[in-house]
Amino acid sequence: MKLTPCVISAAEHAGWAHFVCVAAPGNVPAVIERRRVTLIAEGLPTMPYHHESIGMREDEANALIARVRRSIADCTSRALHGVVTHLTPAYPVVALAIREPPFAELPDTVATVRQSYRLQCAADGMMYQLALCRAARDLGLEVHLCRRGEETARAAARLEVHRQDMESFVSVRGRPLGPPWAQEHRWAYAAGITALTAHAHRRLILKKPEI
């Protein structure tokens, strides 16, 4: 008997992330686990491009950011590995769903980053996004990217339902018990559903409204 596959959907922040883990027992999407994880060691700056590196000599700024990125890589890898290990006996994890970074890569030097205002604004967040993508690929997981704000529409299209029905499902009918359940959780849930459609054994369906 095949086990039900699971997708970890990440809503990342500066220094931490929400993991919303989505599977579909009975072909109905469900959040089987959610947790907040730390993505950087305590004491290190979580947004060095925007704050601590400003005014530093270039070599000092590069050294600081390199140290921050190493810590993010280590912490991210441990966090993702821990969740995968926890879930795998019941739900083998097959993919990571995450917001698409605005750039494919982050330059190695602060000077190069500062040549683009848009890149400079995105750089701190990209450290976490790219680290999560690398950690997932290191674990053999597929990485599914989605543009912010498109998660619900894409999930609805994949399941061939109206967007309003998907919004109702991730907000109310299919939500897990207990707070918090903010917009970022709902978006992550929808992104996880979209990714799961590529791995589910059968077509996913939404719960019928209770009468």
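User: How many bridges join E1 and strand E2?
Analyst: This is a predicted model, in which local features need pLDDT of at least 70 and side-chain atom pairs count only at pLDDT 80 or more, while totals for chains, interfaces and linings use all residues. Residues are numbered from 1 along each chain as its sequence is written, and side-chain values use heavy atoms, with hydrogens and water left out. Strands (E, at least two residues) and helices (H or I, at least four residues) are DSSP runs numbered from the N terminus, and two strands pair if DSSP finds at least two bridges between them. E1 and E2 (residues 16–23) pair in the antiparallel sense, and the number of bridges is seven.

User: Which residue takes a positive phi in the hairpin of E1 and E2?
Analyst: Start with the pairing: Cys 6 has Ala 23 of E2 as its bridge partner. Three residues lie between the two strands, and the one with a positive phi, near 100 degrees, is Gly 15.

User: Are the residues of strand E1 buried or exposed?
Analyst: Buried means under 20% relative accessible area, exposed over 50%, and partly exposed in between (1.4 Å probe, protein chains only). In a regular strand the side chains alternate between the two faces of the sheet. Here Cys 6, Ile 8, Ala 10 and Glu 12 point one way from E1, and Val 7, Ser 9 and Ala 11 point the other way. Seven of the seven residues of E1 (residues 6–12) qualify, so the strand is largely enclosed by the rest of the structure: they are buried.

User: Which strands stand at the edges of the sheet?
Analyst: Try following the order of the five strands in this open, mixed sheet: E3-E2-E1-E4-E5. Next to E1, the strand E4 (residues 93–99) pairs in the parallel sense over five bridges, while E2 and E3 pair in the antiparallel sense over eight. Each edge strand has a single partner, so one side of each is left without a neighbour in the sheet; these strands are E3 (30–38) and E5 (142–146).

User: Which strands does H6 touch as it packs on the sheet?
Analyst: Contact means heavy atoms within 4.5 Å, and angles run from 0 to 180 degrees between N-to-C directions, with axes fitted to C-alpha atoms (for helices, over the stretch in contact). Helix H1 (residues 58–87) lies across E1, E2, E3 and E4, at about 150 degrees to E3. H6 makes about 45 degrees with the direction of E2, and the strands it touches are E1, E2, E3, E4 and E5.

User: Which residues is His 185 in contact with, leaving aside its neighbours within four places in sequence?
Analyst: First place His 185: it lies in helix H6 (residues 183–196) and counts as buried because its relative accessibility is 4%. Two of its contacts are themselves paired, since Val 20 has Arg 34 of E3 as its bridge partner. Another, Pro 180, sits in the loop between H5 and H6 and is joined to Pro 179 by a cis peptide bond with omega of about -10 degrees. The full set is His 18, Val 20, Arg 34 and Pro 180.

User: At what angle do helix H4 and helix H5 pack?
Analyst: Two packed helices are described by the angle between their axes and the distance between the axes. For H4 (residues 151–159) and H5 (residues 163–173), the axes are 8 Å apart and the angle is about 110 degrees. That makes H4 roughly perpendicular to H5, a label for 65 to 115 degrees, with under 35 roughly parallel, over 145 roughly antiparallel and the rest oblique. So the pair is roughly perpendicular, at an angle of about 110 degrees.

User: What is the handedness of the crossing of H4 and H6?
Analyst: A crossing is left-handed if the near helix is turned anticlockwise from the far one by less than a right angle, and right-handed if clockwise. The axes of H4 and H6 come within 8 Å and cross at roughly 35 degrees. Among the residues that meet are Ala 155 and Leu 159 in H4 and Trp 187 and Ile 193 in H6. The crossing of H4 and H6 is left-handed.

User: Is Glu 160 buried or exposed?
Analyst: Glu 160 is found in the loop between H4 and H5. Its phi is near 60 degrees, a positive value in a residue other than glycine. With a relative accessibility of 60%, Glu 160 counts as exposed.
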